[in-house]
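Work through the following exercises with the model open. Try each task before reading its solution.

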Amino acid sequence: MTDRIAPLASRPAWKALQQHAETIRPQQLRDLFKTDPARGTRFTAQACGLFLDYSKNRITDETLALLIELAKQSGLRQHAEAMFTGQKINTTENRAVLHVALRAPRSESIMVDGEDVVPEVHKVLDKMSAFSDKIRSGAWLGYTGKPIKNIVNIGIGGSDLGPVMAYEALRHYSHRDLTFRFVSNVDGTDFAEAVRDLDPEETLFLVASKTFTTLETMTNAHSARTWTLAKLKQTESIARHFVALSTNTKLVSEFGIDTANMFGFWDWVGGRYSMDSAIGLSTMIAIGPDNFRAMLAGFHEMDVHFRTTPLENNLPALLGLLTVWYTDFFDAQTVAILPYEQYLKRFPAYLQQLTMESNGKHVTLDGEQVVTQTGPIYWGEPGTNGQHSFYQLIHQGTRLIPCDFIGFYKTLNPLGRHHDILMANVFAQAEALAFGKTADEVRAEGVPEALVPHKVFEGNRPSNTLLAEHLTPHTLGALIALYEHSVFTQGVIWSIDSFDQWGVELGKVLATKILSEIENPAELESPTAPTKGHDTSTTNLINLYRATK
C-alpha cells in the first residue's frame with residue numbers, strides 16, 4: 001500500500017512538535033491576535049459550501065507547518081489514495097474501506113478484488129428509489145389494502161445512529177404525511193413506546209442488520225413481527241409490512257420477508273459509515289430520492305476535496321491535525337461538538353460512534369502499544385441549550401476542551417429575531433472562550449474585589465467555527481464526510497486501524513453466555529445456585545436478578 005512509515009515517536013515532525021509545544025503552551029490567544037491582526041482571516045479555509053475559521057486555536061504558522069509535515073511523514077496522502085482505490089486498509093479484517101464508493105457518480109470506477117463496485121452501488125440506489133417512491137406515493141399497500149403511514153427503522157449502532165440523525169437533520173425536507181420512528185435499544189421500552197400509537201395495518205418495519213443475526217436488532221424485529229401478527233393474523237402479511245436491509249437471504253426469507261424487498265450492502269462498508277448505503281432507506285423514504293442523491297453529492301464533493309486539495313487548505317486534514325495537536329500535546333481528553341441548529345440535535349451522538357469506535361484503539365497497525373493518547377471523547381448538545389448546561393465547565397473549569405461550533409447564515413424557519421440571537425451566541429461563545437476576561441477588566445466593571453476571582457475568564461480556550469449558508473441535504477453530506485475524513489487523518493497519524501471495532505466484541509460474547517445462564521430452567525429452579533466461569537461479583541449480580549425477576 002505505502003512505504004513503511006516510521007513509528008510515530010521517531011518521526012522528525014513529531015519530535016519537532018514536542019519541542020514546539022513547549023513554546024506555544026504559555027502563549028495567549030489575546031497576544032497572538034494582537035501581534036497578528038490578520039490571523040482571523042488568514043487561518044480560514046472553505047470548500048463544499050463550508051467555511052472553517054480555525055484562527056482561535058493555540059497555533060502559529062510554525063505549528064501549522066509542523067502538523068502538515070507530520071501528515072506528510074505519516075503518509076496521509078498515500079493512505080488516502082489506498083482507501084479511495086479500494087486497497088484493503090482495514091488490515092485486521094482484510095477488507096477494503098470504501099464508504100466513498102457509496103456516493104461515487106455512475107461515471108466513476110472503483111475496483112475491489114478485480115470488480116468495479118460502482119455499478120452495484122447504483123443498482124441498489126435505484127432499487128431504493130423505486131421502493132421509496134411507492135411508499136411516498138401511497139402505491140405500496142399493506143396486507144389489508146391500506147397505504148403505509150408509519151415507517152419504523154429497527155437497527156443498532158450505525159444502522160440506527162445514522163438514519164435517526166439524518167431524519168432529524170433533514171426533517172424540514174421530509175414527507176410530513178409519514179411518521180418515522182427508530183428502535184435500537186434491546187430494552188423493551190424502546191419498542192413499546194415506538195409503536196404504542198401506531199396501527200399495524202399502516203406500519204412498515206425496516207430491519208437493518210447485515211447478517212440478520214444482530215441480537216438487539218433481531219430481538220426487536222421478532223417483537224415487531226409478533227405485534228404485527230397480533231392484529232393481521234396471517235403470516236403472509238409479514239411480506240407487506242417488513243423489508244430487510246441485509247445480505248442474508250436465507251434468514252430474511254425464513255423471517256417471512258420477500259427477498260425481492262431485501263436491500264443489500266457490502267463488507268467494505270463499516271456500520272458507522274453506512275448511512276448513505278441501503279441503511280439509509282428510511283432517510284430516502286423521508287426526504288425522497290432526489291434529496292437523498294443531493295446528500296450523496298455533498299458527501300462526494302467533500303471526498304474529492306479531501307483527496308485532491310493541498311493539506312494547507314484541506315478542511316478534514318486541518319480538523320484532524322488540530323485534534324491530534326490538542327490530544328497529544330495539551331492533554332485534551334474530549335472534543336465538544338456544538339451545533340447551533342436544532343435539526344442537528346442528534347449530530348453529536350452520531351459523531352460519538354464515528355469517532356470513538358474508529359479511533360478508540362490502544363495498539364498500532366503492527367500490533368504494538370501506542371505511545372501516545374488516541375481517540376478523544378466526542379460529546380455535545382445543540383446551542384443554546386448547552387450554554388445553560390455545561391458551558392460553565394468549558395469556560396471556567398480546569399479541563400481544556402476544544403470546541404467545534406457549527407452555524408448557518410440562514411435559518412430554515414424564519415421567526416422574528418430568533419436566528420440573529422442564535423448566531424450572536426455562536427460568535428460570542430467562541431470569542432469568550434478565546435479571549436476571556438481579565439481581573440482588571442472585571443474590576444473596571446465595578447465588581448467588588450471579593451468577587452473578582454469568580455468573574456475572571458482565563459480564556460485561551462480553543463475552538464473552530466464552521467459556517468454554511470443553510471442546512472440542506474448537500475450540506476449535511478459534506479459535513480458528515482468532513483468528520484469522516486478528519487477521523488481518518490487522526491488514525492493515519494496514530495498508525496491505528498480506524499475501521500475495525502474489536503472492542504465491542506467481548507461484552508457481546510459474555511452477554512450471550514450470561515443470557516443462557518439466566519434463561520436456563522434448571523438454573524432458575526435454584527436461584528442461589530452459583531454460575532460457573534464468573535467472578536464473585538458477576539455471579540452475585542446474576543443470582544440477585546434470577547431471584548427477583
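The exercises below cover two sheets, a helix pair, a buried side chain, backbone outliers and cysteines.

This is a predicted model: local features need pLDDT of at least 70, side-chain atom pairs count only at pLDDT 80 or more, and totals for chains, interfaces and linings use all residues. Residues are numbered from 1 along each chain as its sequence is written, and side-chain values use heavy atoms, with hydrogens and water left out.

**Exercise 1. The six-stranded sheet**

Task: Give the strand order of the open sheet of six strands, and name its edge strands.

Solution. Helices (H or I, at least four residues) and strands (E, at least two) are DSSP runs, numbered from the N terminus. Two strands pair if DSSP finds at least two bridges between them. The order is β1-β2-β13-β12-β10-β11, and the pairing is mixed. The edges are β1 (44–47) and β11, each pairing on one side only. Neighbouring strands of this sheet are turned by 15 degrees against each other on average, direction ignored. Axes here are lines fitted to C-alpha atoms, for helices over the stretch in contact; angles run from 0 to 180 degrees between N-to-C directions.

**Exercise 2. Strand β12 and its partners**

Task: Work out how β12 pairs with β10 and β13. Then ask: are the residues of β12 buried or exposed?

Solution. Start with β10 (residues 334–339). It runs parallel to β12, joined by four bridges. Ile337 has Asp404 as its bridge partner in β12.

Now take β13 (residues 463–468). It also pairs with β12 in the parallel sense, over six bridges. Asp404 is partnered by Asn464 of β13, and Gly407 by Leu467.

Next, burial. Buried means under 20% relative accessible area, exposed over 50%, and partly exposed in between (1.4 Å probe, protein chains only). In β12 (residues 403–408), six of six residues are buried. In a regular strand the side chains alternate between the two faces of the sheet. Cys403, Phe405 and Gly407 point one way, while Asp404, Ile406 and Phe408 point the other. Both sets are buried.

Finally, look for a covering helix. Contact means heavy atoms within 4.5 Å. Helix α17 (residues 418–435) lies across β12 and β13, at about 155 degrees to β12.

**Exercise 3. The five-stranded sheet**

Task: Find the order of the open sheet formed by five strands. Which helix lies across β5, β6, β7 and β8?

Solution. The order is β6-β5-β7-β8-β9, with parallel pairing. The edge strands are β6 (179–183) and β9 (262–263), each pairing on one side only. Strand β5 (residues 150–154) joins β6 through five bridges. Within that pair, Val152 is bridged to Arg181 of β6. The helix is α9, which runs at about 160 degrees to β7.

**Exercise 4. A helix pair**

Task: Describe the packing of α5 and α20.

Solution. Two packed helices are described by the angle between their axes and the distance between the axes. For α5 (residues 76–84) and α20 (residues 473–494), the angle is about 125 degrees and the axes are 10 Å apart. Angles under 35 degrees count as roughly parallel, over 145 as roughly antiparallel, 65 to 115 as roughly perpendicular and the rest as oblique. The two helices α5 and α20 are therefore oblique. Leu76, His79, Ala80, Met83 and Phe84 of α5 make the contact with His485, Phe488, Thr489 and Val492 of α20.

**Exercise 5. A buried isoleucine**

Task: Place Ile135 and list its contacts.

Solution. Ile135 sits in helix α6 (residues 118–137). Its relative accessible area is 1%, so Ile135 is buried. Leaving out residues up to four places away in sequence, Ile135 touches Trp140, Ile148, Ile151, Leu178, Leu204 and Ile285. Its C-alpha lies 7.8 Å from that of Pro147, 12 residues apart along the chain.

**Exercise 6. Backbone outliers**

Task: Locate Asn94, Phe212 and Thr384, and state what is unusual about each backbone.

Solution. Most residues other than glycine have a negative phi, and most peptide bonds are trans. Asn94 has a positive phi of about 50 degrees. Asn94 lies in the loop between α5 and β3 (111–112). Phe212 has a positive phi of about 60 degrees. Phe212 lies between β7 (203–208) and α9 (215–232), in a loop, and is buried at 4% relative accessibility. The peptide bond from Gly383 to Thr384 is cis, with omega near 10 degrees. Thr384 belongs to the loop between β11 (377–379) and α16 (391–396).

**Exercise 7. Cysteines**

Task: How many disulfides does the structure hold?

Solution. A disulfide is a pair of cysteine sulfur atoms within 2.5 Å. The structure holds zero. Cys48 counts as buried at 10% relative accessibility, and Cys403 counts as buried at 1%.
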